[in-house]
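Thanks for coming, everyone. I would like to walk through one model this morning, beginning with its enclosed spaces and ending with the chain as a whole.

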Amino acid sequence: MTHTYTVTGMTCTGCQAKVQQLLSQIPGIQQVAIDLAKAEATLSMETHVPTEQLQAALKDYPKYQLSDQKAPIPARLELSEEKKSWLTTYKPILLIGAYITGISLIMELVNNTFQWQSWMEHFMAGFFLTFSFFKLLNIEGFADSYAMYDVIAKKIRVWGYIYPFVELMLGIAYLTSFSPVYTNMVTFLIMSISMIGVLQSVLAKRKIKCACLGAVFDLPMSTITIIEDLAMIAMSGAMLLVML
C-alpha cells in the first residue's frame with residue numbers, strides 16, 4: 001500500500017534526510033521516498049498508518065508539516081525516479097573518481113616510475129580529502145543522511161558529525177605518510193564498519209540517500225557505494241600486508 005503526502009518546510013537535502021529518517025521509524029512503514037522539489041513524501045506501508053500518526057512523528061520539528069495529498073498510487077510508480085539514466089545519476093561520483101585516479105597517476109608518472117604502494121597512498125589521500133570536503137559543506141545534512149544506514153551513527157548520532165573530520169585526518173595522514181601502519185589500520189577498521197550498514201541497506205533494497213558526498217549531491221545507495229568502500233578496504237588491507 002502506497003500513499004503520497006505533501007510535506008512543507010523542507011529547504012535542503014538535510015531537511016529531506018531528516019524527514020525521511022523520522023517517517024522511516026514509524027512502525028508499519030516499509031519505505032520512504034522524499035521528492036524535495038515537489039515537497040512530497042511517498043510512503044509504502046504494510047497496513048494503513050493514520051495521517052495523525054505520521055504528523056506526530058514530525059512534532060519535534062514543527063517547520064515540517066505533513067498533510068494528505070492524493071489517493072493511494074500503484075506500487076509500480078514507486079520507482080518513477082529511477083527513469084533517470086544510470087550515468088546521469090552517478091556522474092558526480094564517477095567524475096570525482098576519475099579526477100582522483102588521474103591526479104594520483106600523474107604524481108607517479110612525473111618521476112618516470114610507478115610504485116603501486118605510493119600510488120595507493122596518493123589515491124587514498126585524494127579520496128579522503130575530497131570526500132571529507134563535500135561532507136563538511138553541510139555537516140548536519142551529512143549526519144542526518146548517515147544516520148539512516150550507518151550502524152554506529154544510528155545509535156550514536158554525534159558520530160555523524162565526527163566522521164568527516166576523521167576522513168580529513170586520514171587524508172592528511174596518507175598525504176604526509178604519517179604512521180602508515182596505524183593509518184591503514186584505522187582506515188581498514190572504519191571502512192569495514194561502514195560497509196556493514198551499506199550492505200544491509202543495499203541488500204534490503206532500501207531507497208535511501210548515500211551520504212558519501214555529503215548532502216551536496218542526491219545519490220541513491222547502490223552497488224557503487226559498496227565498490228567505493230571495498231576499494232578503500234582492499235587498498236588499506238594490501239598495504240598492511242606489505243608493512244606487517
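**Cavities, a pocket and the fold**

Let me begin with the second largest cavity, whose lining is made up of Glu-121, Ala-173, Tyr-174, Ser-177, Phe-178, Pro-180, Thr-183 and Asn-184. Before going further, I should say that this is a predicted model, in which local features need pLDDT of at least 70 and side-chain atom pairs count only at pLDDT 80 or more, while totals for chains, interfaces and linings use all residues. Residues are numbered from 1 along each chain as its sequence is written, and side-chain values use heavy atoms, with hydrogens and water left out.

A cavity here, on a 1 Å grid over the protein atoms alone, is a set of points where a 1.4 Å probe fits but cannot get out, whereas a pocket is an open set with protein on both sides within 12 Å along at least five of seven lines, and lining residues have an atom within 4 Å of a point. Grid points are joined across faces, edges and corners, and a volume is the space filled by probe spheres set on the points.

The second largest cavity has a volume of about 40 Å³. Helices and strands are DSSP runs numbered from the N terminus (H or I and at least four residues for a helix, E and at least two for a strand), and in those terms α6 and α7 each supply at least two residues of this lining, with α7 giving the most, at three residues. For residue classes, Ala, Val, Leu, Ile, Met, Phe, Trp, Tyr, Cys and Pro count as nonpolar, Asp, Glu, Lys and Arg as charged, and the others, Gly among them, as polar; the lining of the second largest cavity then has four nonpolar, three polar and one charged residues.

The structure holds two cavities of 30 Å³ or more, and the largest has a volume of about 110 Å³. Of the 17 residues that line the largest cavity, Tyr-163, Ser-194, Cys-212, Glu-228 and Asp-229 lie nearest its centre, and the elements that give two or more residues to this lining are α4 (116-137), α5 (139-146), α6 (158-176), α7 (180-203) and α8 (223-243). By class, that lining divides into 11 nonpolar, two polar and four charged residues.

Turning to the open spaces, the second largest pocket has a volume of about 240 Å³. Thirteen residues are not all equally central there: Ile-93, Gly-97, Ile-224, Ile-227 and Glu-228 are the closest to the centre of this pocket. Its lining comprises 11 nonpolar, one polar and one charged residues.

Now to a single side chain: is Lys-18 buried or exposed? Lys-18, which is found in helix α1 (residues 13-24), counts as buried at 8% relative accessibility, where buried means under 20% relative accessible area, exposed over 50%, and partly exposed in between (1.4 Å probe, protein chains only). Leaving aside neighbours within four places in sequence, Lys-18 is in contact (heavy atoms within 4.5 Å) with Tyr-61, Tyr-64, Asp-144 and Arg-157.

Among the strands, β2 (residues 29-35) and β3 (residues 40-45) run antiparallel and are joined by six bridges, and Val-32 stands opposite Leu-43 in β3.

Finally, the protein chain has eight helices and four strands, and of its 244 residues 46% count as buried.

Notes
Two strands pair if DSSP finds at least two bridges between them.
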